[in-house]
Amino acid sequence: MKTLHWQEEASCRSLDPDLFFPVAEETVYTDQIAAIRRICAACPAARRCLEWAVATGEPDGIWAGTTPSERRRLRAARRTSRPATGPSRPATRTAGAA
Ligand code: SF4
């Protein structure tokens, strides 16, 4: 499997992947998810991990501390907050802004 660039600095890189893929509904594994969220909270790749999981519609596992249902809600919220027409534009900086 190809490693994405941000995965090279991921806190979970050397951990058992099964930890991040609970096999049952997330409510059953609240302790496991809480442990994962502590790991993800300290991960330098968390922002890129979340963006990747949301952008690709990753249907399984805990990514950046989010469950599949949380990511579905985030995707839905992003879809409804976008303008109805026109492509999205990247954020730009104003010269001299901090
Ligand atoms: S945020 Fe969590 S799931 Fe994502 S790369 Fe970091 S440790 Fe792994």
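This is a short walk through the aromatic ring pairs of the structure above, which is a predicted model.

Let us begin with the overall tally: the model holds 4 aromatic pairs. One of them joins Trp-6 and Trp-52, whose ring centres are 6.2 Å apart. Their planes meet at 50°, and because an angle that is neither under 30 nor over 60 degrees counts as tilted, this pair is tilted. In sequence the two partners are 46 residues apart: Trp-6 sits in the segment before α1 (30-41), while Trp-52 belongs to helix α2 (residues 46-56), so their contact ties these parts together.

How exposed or buried are the two partners? Trp-6 has a relative accessible area of 10%, which means that it is buried. Trp-52, in turn, is partly exposed, with 26% relative accessibility.

Now stay with Trp-52 and turn to another neighbour, Trp-63. The centres of these two rings lie 5.0 Å apart, and since their planes are at 40°, the pair is again tilted. Trp-63 is found in the loop between α2 and α3 (68-81), so its pairing with Trp-52 of helix α2 ties together parts 11 residues apart in sequence. Trp-63 is buried, its relative accessible area being 12%.

With these pairs in mind, you can look at the wider group. Trp-6, Trp-52 and Trp-63 belong, together with Phe-21, to one aromatic cluster. Within that cluster, Trp-52 pairs with Trp-6 and also with Trp-63.

Technical notes:
Residues are numbered from 1 along each chain as its sequence is written. This is a predicted model: local features need pLDDT of at least 70, side-chain atom pairs count only at pLDDT 80 or more; totals for chains, interfaces and linings use all residues. Side-chain values use heavy atoms; hydrogens and water are left out. Rings of Phe, Tyr and Trp (its six-membered ring) pair if their centres lie within 6.5 Å; planes under 30 degrees apart count as stacked, over 60 as edge-to-face and the rest as tilted. Helices (H or I, at least four residues) and strands (E, at least two) are DSSP runs, numbered from the N terminus. Buried means under 20% relative accessible area, exposed over 50%, partly exposed in between (1.4 Å probe, protein chains only).
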